[in-house]
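Work through the exercises below with the sequence and the structure side by side. Try each task before reading its solution.

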Amino acid sequence: MSLTVSSDPERKPTSTVTNTACIIALLLWKPHPKQLAVFFIFPALWGLSDAIWQTQTNGLYGVLFEKHTEAAFANYRLWESCGFVIAFGYSTKLQVYIKLYILLSVLVLSMVTYGAVEYLEAKNSRGTPTATKKENVGPLTQETRM
């Protein structure tokens, strides 16, 4: 049985496209008080995308670090918190458009490295022997590759 890294490979591109579209739209958008709906649409799309990121990242760590999940999730939370601290540190110093460009750069970098992880995991899983399952077929027992 082949094990893929993400539980649903369609979710990461969806959240990537949603986040990228939101960032580009925020870079181009000129806020106006009469556009009240837009003030709710951006957070809704961002929240949907963030929910996908959180779920898929946890799934990814669960699959990649199957034997060391506790250490992997502790490390994940550490770096996530460091990112929050860094963003909080520059939040009052930089203009919004610069923060959006930083966010877009981190998004592109993370998608490139995610693709590398998917590629390496697929490459490594091809070289490992697949699990076998015994099936009863009459008087003989047959091993079937999954």
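Helices here are DSSP runs of H or I with at least four residues, and strands are runs of E with at least two. The model is predicted.

**Exercise 1.** Find which residue ranges UniProt lists as "transmembrane region", and state how much helix and strand residues 36-53 and 98-117 hold.

Solution.
- Step 1: The unreviewed UniProt entry gives residues 12-29, 36-53 and 98-117 under this name.
- Step 2: Residues 36-53 are 89% helix and 0% strand, with 27 Å between the end C-alpha atoms.
- Step 3: Residues 98-117 are 100% helix and 0% strand, and here the end C-alpha atoms lie 29 Å apart.

**Exercise 2.** Identify the residues of the largest nonpolar core and the elements that give two or more of them.

Solution.
- Step 1: This core has eight residues: Ile23, Trp53, Leu60, Leu100, Leu104, Leu107, Met111 and Tyr114.
- Step 2: Two or more residues each come from α2 (38-64) and α4 (96-127).
- Step 3: α4 supplies the largest share, five residues.

**Exercise 3.** Locate the salt bridge between arginine 77 and glutamate 80, and explain how the two residues are placed along the chain.

Solution.
- Step 1: The cut-off is 4 Å from a side-chain nitrogen of Lys or Arg to a carboxyl oxygen of Asp or Glu.
- Step 2: The side chains of arginine 77 and glutamate 80 meet at 2.7 Å, N to O, and the count of salt bridges comes to one.
- Step 3: Both residues belong to helix α3 (residues 69-90); they are three residues apart, so about one helical turn separates them.
- Step 4: Arginine 77 has a relative accessible area of 38%, which means that this residue is partly exposed.

Note on methods:
Residues numbered from 1 in each chain as written. Predicted model: local features only at pLDDT ≥ 70, side-chain atom pairs only at ≥ 80, totals over all residues. Heavy atoms only, no water. Buried < 20%, exposed > 50% of the residue type's maximum accessible area, 1.4 Å probe, protein only. Core = buried A, V, L, I, M, F, W, Y, C linked by side-chain atoms within 4.5 Å. UniProt positions renumbered as here; feature names shortened; annotations may be inferred.
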